[in-house]
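Me: I should like to learn how to read the fold and the packing of a protein chain. Could you take me through one case?

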Amino acid sequence: MHWVWDTYSPQQLRLRTEQVLTAAVEIYTALVDTWFPHLKQVLGLASACPATLDADLYIAPPKGSDSYEPPLMRLSLRPSTGSSVSVRLVSSEDDLYVPVPPLPPGNEPARSPWARPSTPVVSTPEVFDDAPATEYAYTWLHEDLHRLHLTEHGPRRTKSGLP
């Protein structure tokens, strides 16, 4: 038996993940700018921008036809002067749990005082569905609105990877 990620080389999966996350950030930004411009300073991801969304991607080496080891990804937000997405392959699952190095003091650009700190989350990258970028964007927006108690129920997906 083969899993969908088995058909991708590590470099192809890294590129696909980067493309999906880049599109997700663009869609999220458009959603906020269109529907919630007045909340931009208090929505989690929007208030952290401009930022770089860093993703560390771990792909387990193949072990056998019946092995189920999906790729793992850690997302973290890093303040920057422009918004971007960066995905890098890591060689070990342990690398996903190494603390993200902080920016040197004085190098952090100005951003909203409401911006929440980035706490990296490890999850399985959801890049194989019909519209993965749209799913990420709406899930991130739903999480942000739920944190402000503007939705009755939390998102259906509990581990979207948003820091």
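**Reading the fold and its core**

Reply: This is a predicted model. In the chain, residues 24 or more positions apart make up 75% of the contacts with a separation of 6 or more.

Me: Which pattern of helices and strands does the chain follow along the sequence?

Reply: The chain has three helices and four strands, and the pattern reads α-α-β-β-β-β-α.

Me: How should one read the nonpolar core, and which residues touch the most other members?

Reply: In soluble globular proteins, nonpolar side chains tend to be buried together. Here the largest nonpolar core holds 30 residues, and Leu21, Tyr28, Leu43, Leu53, Trp140 and Leu141 touch the most other members. At least two residues of this core come from each of H1 (10–35), H2 (44–48), E1 (51–58), E2 (72–79), E3 (84–90) and H3 (132–147). H1 gives the largest share, eight residues. Another core, of six residues, lies apart from it and includes Tyr58, Leu72, Val90 and Val122.

Me: Which residues of H1 are buried, and what do they pack against?

Reply: An α-helix has 3.6 residues a turn, so residues three or four places apart point the same way. In H1, the buried residues are Leu13, Arg14, Thr17, Val20, Leu21, Ala24, Val25, Tyr28, Leu31 and Val32. The buried residues of H1 pack against H2, E1, E2, E3 and H3.

Me: What span should H1 have?

Reply: At 1.5 Å a residue, the 26 residues of H1 should span 38 Å, which agrees with the 37 Å between its end C-alpha atoms.

Note on methods: Residues are numbered from 1 along each chain as its sequence is written. This is a predicted model: local features need pLDDT of at least 70, side-chain atom pairs count only at pLDDT 80 or more; totals for chains, interfaces and linings use all residues. Side-chain values use heavy atoms; hydrogens and water are left out. Contact means heavy atoms within 4.5 Å. A nonpolar core is a set of buried Ala, Val, Leu, Ile, Met, Phe, Trp, Tyr and Cys residues joined through side-chain atoms within 4.5 Å. Buried means under 20% relative accessible area, exposed over 50%, partly exposed in between (1.4 Å probe, protein chains only). The expected span of a helix is 1.5 Å times one less than its number of residues.
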